[in-house]
Amino acid sequence: MSCKCCEKKISIERPRQCPECGHIFQGNGWDGIDAHWRAKHEAVLPYKEFWESLCKEHKS
Ligand SMILES: [Zn+2]
Ligand SMILES: [Zn+2]
């Protein structure tokens, strides 16, 4: 399986990292990804599509 994070060779270990800009999310997961994505990358790819495209390992 492959997703945007896999394509960018982002580790499946935490912390989570934005595959578009490299932003590192504080905490134990994707806290704030929806606001971050909508503010910065919504024009590239709608948030809903980005989120649904994540593989099981990166989504958790
Ligand atoms: Zn992945
Ligand atoms: Zn980003």
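Is Cys21 buried, partly exposed or exposed? In this predicted model, Cys21 is partly exposed, because its relative accessible area is 43%, and buried would require under 20%.

**Zinc site**

Cys21 is one of the ligands of the zinc ion (ligand 2), which is coordinated by Cys18 (SG), Cys21 (SG), His36 (NE2) and His41 (NE2) at 2.0 to 2.3 Å. The angles between the four donor atoms run from 104 to 114 degrees, so the arrangement is tetrahedral. For four tetrahedral donors the ideal angle is 109.5 degrees. Along the chain, the donors of the zinc ion (ligand 2) are spaced as C-x2-C-x14-H-x4-H. Cys21 and His41 link distant parts of the chain, 20 residues apart: Cys21 sits in the loop between α1 (4-7) and α2 (33-40), and His41 in the loop between α2 and α3 (47-53). Unlike Cys21, which is partly exposed, His41 is buried at 7% relative accessibility, and Cys18 is buried at 1%.

**Nonpolar core**

The largest nonpolar core has 13 residues. Those with the most contacts inside this core are Cys5, Trp30, Ile33, Trp37, Phe50 and Leu54. Helices α2 and α3 each supply at least two residues of the core. Apart from its neighbours within four places in sequence, Leu54 is in contact with Cys3, Cys5, Trp30 and Lys59. In soluble globular proteins, nonpolar side chains tend to be buried together.

Cys5 is buried, with a relative accessible area of 1%. Why does Cys5 form no bond with the closest cysteine sulfur? That sulfur belongs to Cys3 and lies 4.7 Å from the sulfur of Cys5, which is too far for a bond, because a disulfide needs sulfur atoms within 2.5 Å. The model has zero disulfides.

**Salt bridges**

There are two salt bridges, listed here with the distance between the closest N and O atoms.

| Salt bridge | Closest N and O atoms |
|---|---|
| Glu20 and Lys4 | 3.2 Å |
| Lys48 and Glu52 | 3.4 Å |

The pair Glu20 and Lys4 links distant parts of the chain, with Glu20 in the loop between α1 and α2 and Lys4 in helix α1, 16 residues apart. Glu20 is partly exposed, at 28% relative accessibility. Lys48 and Glu52 both lie in helix α3; they are four residues apart and therefore separated by about one helical turn. Lys48 is exposed at 57% relative accessibility, and Glu52 is exposed with a relative accessible area of 52%.

Conventions: Residues numbered from 1 in each chain as written. Chains lettered and ligands numbered in written order. Predicted model: local features only at pLDDT ≥ 70, side-chain atom pairs only at ≥ 80, totals over all residues. Heavy atoms only, no water. Donors = N, O, S within 2.8 Å, 3.2 Å for Na, K, Ca; no water. Tetrahedral: all angles 85-135°; square planar, octahedral: opposite > 155°, others 65-115°. Buried < 20%, exposed > 50% of the residue type's maximum accessible area, 1.4 Å probe, protein only. Core = buried A, V, L, I, M, F, W, Y, C linked by side-chain atoms within 4.5 Å. Contact = heavy atoms within 4.5 Å. Salt bridge = Lys/Arg side-chain N within 4 Å of Asp/Glu carboxyl O.
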